[in-house]
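Reader: I have a model open and would enjoy a walk through some of its details. Could you take my questions one at a time?

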Amino acid sequence: MLTKQKTPQETTEEHENPISLFDSSIKTEEEVCPLSLGNDNEDPYAHLPGVPTPKLLQGPHRIPPLFPFARTTAYLLLSPDSTQKTPKSVILRGASPQGPLELEVPIQRLPEPGKKIHQLAAKKFMQELEEGRGWICDAKDNESGRLLKDIHPSCFEEIVQREAVRLGLRFQVGGK
């Protein structure tokens, strides 16, 4: 028995009400997001102890050994709270079997402040935080002088995450 195939126009005429491709019973990501506290004005890090940010950030926090023909990039970020004098040079000091080493690198001031170098520095700082290094790992409590990671071991990961989020928002850089 042969049946006649319907044309698209005949099929449309049979179903006057089209079927919706949107299922309203499914919860969207906005409704299910585990990081959402329900109120956008609440600070998810409000329960953490305050950590003052240093006036000078260096990345990498500990400069690795330098070798010939191996490039190393180091970043320094001065906070607005630091002294407002513009540095003229950076002095690198090290030790070798032949004796102490010193290299003075002049600083070249840009005619207009740029965003890219700050973003590269922030990315480096965030990378160190993601790898479990950085200035916050050596941060000490002002009162006791003990390391923060020893005083607050249960929430230290959140403190590190808060610092990474602060850097990411401040310099518009993404990270893990």
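Reader: Leaving aside its neighbours within four places in sequence, which residues is Glu128 in contact with?

Author: Happy to help, and please keep in mind that this is a predicted model. Glu128 is found in helix 3, residues 116-130. Beyond its neighbours within four places in sequence, Glu128 is in contact with Gln58, Gly59, Pro60, His61, Arg133 and Gly134.

Reader: Is Glu128 buried or exposed?

Author: The cut-off for buried is under 20% relative accessible area. Glu128 has a relative accessible area of 3%, so this residue is buried.

Reader: Which backbone nitrogen lies 2.9 Å from a polar atom of the side chain of Glu128?

Author: Let's return to the contacts of Glu128, which include Pro60 and His61. The backbone nitrogen that lies 2.9 Å from a polar atom of the Glu128 side chain is that of His61.

Reader: Along strand 1, which side chains point to one face and are buried?

Author: In a regular strand the side chains alternate between the two faces of the sheet. Strand 1 covers residues 56-59, and there Leu56 and Gln58 point to one face and are not buried. The side chains that point to the other face and are buried belong to Leu57 and Gly59.

Reader: What is the bridge partner of Gly59 in strand 2?

Author: Strand 2, residues 75-78, pairs with strand 1 in the antiparallel sense over four bridges. Within strand 2, the bridge partner of Gly59 is Tyr75.

Reader: How many disulfides does the structure hold?

Author: Two cysteines are worth a look here. Cys137 counts as buried at 10% relative accessibility, and Cys155 is buried with a relative accessible area of 13%. As for disulfides, the number in the structure is zero.

Methods. Residues are numbered from 1 along each chain as its sequence is written. This is a predicted model: local features need pLDDT of at least 70, side-chain atom pairs count only at pLDDT 80 or more; totals for chains, interfaces and linings use all residues. Side-chain values use heavy atoms; hydrogens and water are left out. A disulfide is a pair of cysteine sulfur atoms within 2.5 Å. Buried means under 20% relative accessible area, exposed over 50%, partly exposed in between (1.4 Å probe, protein chains only). Helices (H or I, at least four residues) and strands (E, at least two) are DSSP runs, numbered from the N terminus. Two strands pair if DSSP finds at least two bridges between them. A polar contact is a pair of N or O atoms within 3.5 Å; within protein, one must be able to donate a hydrogen and the other to accept it, and residues adjacent in sequence count only if both atoms are side-chain atoms. Contact means heavy atoms within 4.5 Å.
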